[in-house]
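Welcome! Let us take a friendly look at charged pairs and surface patches in a protein model.

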Amino acid sequence: MQQDYEVKLEIFEGPMDLLLHLIRKNKVEIYDIPIALIMDQYLAYLDMMRSLNIDVAGEFLEIAATLAYIKSRLLVPRIGFDEEEQEEDPRMELVRPLLEYAKIREAAQTLADSLQLGRDVYVRNIPTEELWDLESGEEIAEVGLFELVRALHEVLKKAEPDELMELSAETMRFKDRINQLMEILAGVSSITFHELFAGQARKAEIILTFLAILEVVRLQMVRAFQHQPSGIIRLYLAVENGIASGD
Amino acid sequence: MNQVRAIIESLLFVSEVPLSLTKIKSILSMYTHVEITEALEQLRQEYAGDGHGFALAEVAQGYQFRSKPEYGEWIRKLKRITPARLSQAALETLAIIAYKQPILRAEIESIRGVDVGGVLRLLLEKKLIKILGRKNVPGRPIIYGTTQRFLEVFSLKDISSLPTMEEIGELSDPSTTVKDDEASEREELIDGS
């Protein structure tokens with residue numbers, strides 16, 4: 001029996017989802033929420049979760065506290081306010097985020113309903129081999145982390161040791177390096193791993209570049225391939241328009 | 001001339017990614033803007049017809065041949081795939097990022113009311129969102145935005161072709177829209193206490 005409930009209980013994405021559900025279920029106006037009623041049902045739900053040994057996440061308690069606070073504000077009129085100095089309905093504190101969340105749910109629904117690539121519509125798949133002009137017998141393999149780290153060691157061997165570390169290294173920001181890398185690739189469409197380190201003698205610089213490479217490969221904005229006989233690693237732009245247009 | 005149409009068709013046929021108009025123009029530099037756009041429009045109309053299983057779609061600021069949705073079930077048989085669906089949590093998070101980008105994790109969490117760390121990781125892995133940079137405030141929080149891939153996956157021409165928040169608000173009054181099955185399913189557990 002409990003098993004049934006647990007599965008269903010997970011339907012609620014969070015406290016906002018639960019609140020929205022209670023408002024709809026009770027057919028009440030979002031701008032005129034009967035706080036006491038909604039709060040009772042909300043707490044009943046939390047109790048049920050506990051009785052089923054489900055951890056009630058902190059976020060649920062936070063909203064419960066907000067509900068209790070609003071309820072108290074409604075019960076105890078504030079003293080010291082003039083009639084004209086109209087106080088805002090304390091419930092607005094809850095209404096605003098609820099409305100925003102409700103809109104986001106609708107937006108999520110329109111996304112879910114749109115034609116999705118790989119679910120509703122499909123495109124041709126072109127095997128990666130076609131990215132290369134293959135000489136007969138040569139092999140190309142997509143490069144993993146270990147190959148990249150090995151290549152980094154090669155580069156680092158030639159590096160001068162950093163004598164001083166600048167602590168205000170704002171000049172070499174990670175994001176800038178990523179953008180720089182994407183710009184280089186956008187210009188040439190492919191480049192070898194070693195070429196990317198040209199002119200970089202300092203370890204800190206090299207490592208920053210390497211981290212940037214790891215990041216763009218991880219995000220699959222760039223793909224790394226290794227030419228088997230020579231061991232040369234080449235980086236390719238994975239998408240036409242890259243991140244350069246990103247910000 | 002139908003030559004230009006045939007050339008563009010061949011480019012679209014082999015392209016791995018949606019082809020932007022700029023790209024097509026740079027390849028067909030001997031043709032005018034009008035000739036190219038007219039050819040694209042002719043192609044679009046031709047493939048939209050009943051006789052074709054795929055159509056010319058305008059997605060992610062480019063053009064791409066895509067199978068028509070009505071033939072999806074046959075393609076899934078060929079590829080033996082069951083499409084993975086994004087969870088409600090992922091869709092909500094994605095919607096927030098799409099509409100409010102550039103956006104911080106904390107801002108997403110304040111709208112959804114729950115932790116989104118795991119969901120963000122999933123969306124990053126699926127390349128639907130990307131890191132735009134870090135905000136220059138204490139803690140240097142990461143700024144998120146959607147990707148080109150997001151536009152491709154959700155068949156959007158560009159980010160502005162999403163319905164606006166106002167349009168979404170008009171479509172539905174939040175206090176009335178609820179799917180019946182969803183509502184009754186949930187009622188049981190609330191009343192069952």
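Arg105(B) has a relative accessible area of 35%, so this residue counts as partly exposed. The model you see is predicted, and Arg105(B) is a good place to begin. Its partner in a salt bridge is Glu109(B), with the closest N and O atoms 3.0 Å apart. Why are the two about one helical turn from each other? Because they sit 4 residues apart in helix α6 (residues 105–112) of chain B.

Salt bridges can also share partners: Asp32(A), Asp89(A) and Arg91(A) are joined into one network in this way. Over all chains, the structure holds 14 salt bridges. In general, side chains of opposite charge can pair when their charged atoms come close.

Here are three of the pairs, side by side.

| Salt bridge | N to O distance |
|---|---|
| Asp47(A) and Arg50(A) | 3.1 Å |
| Arg119(A) and Asp120(A) | 3.0 Å |
| Glu109(B) and Arg105(B) | 3.0 Å |

Asp47(A) and Arg50(A) share helix α3 (residues 35–51) of chain A, where they are 3 residues apart, about one turn of the helix. Asp47(A) is partly exposed at 48% relative accessibility, and Arg50(A) is partly exposed at 42%. Are Arg119(A) and Asp120(A) buried or exposed? Both of them are buried.

Now for a patch without charges. Phe174(A), Ile207(A) and Leu211(A) make up a nonpolar patch on the surface, and together they have about 230 Å² of accessible area. Leu211(A) belongs to helix α8 (residues 203–218) of chain A. With a relative accessible area of 39%, Leu211(A) is partly exposed.

Definitions and conventions: Residues numbered from 1 in each chain as written. Chains lettered and ligands numbered in written order. Predicted model: local features only at pLDDT ≥ 70, side-chain atom pairs only at ≥ 80, totals over all residues. Heavy atoms only, no water. Patch = residues over 30% accessible without salt bridge, like charges linked within 9 Å, V, L, I, M, F, W, Y side chains within 5 Å. Areas by Shrake-Rupley, 256 points an atom, 1.4 Å probe, with all protein chains shown as cover. Salt bridge = Lys/Arg side-chain N within 4 Å of Asp/Glu carboxyl O. Helix = DSSP H or I, 4+ residues; strand = E, 2+ residues; numbered from the N terminus. Buried < 20%, exposed > 50% of the residue type's maximum accessible area, 1.4 Å probe, protein only.
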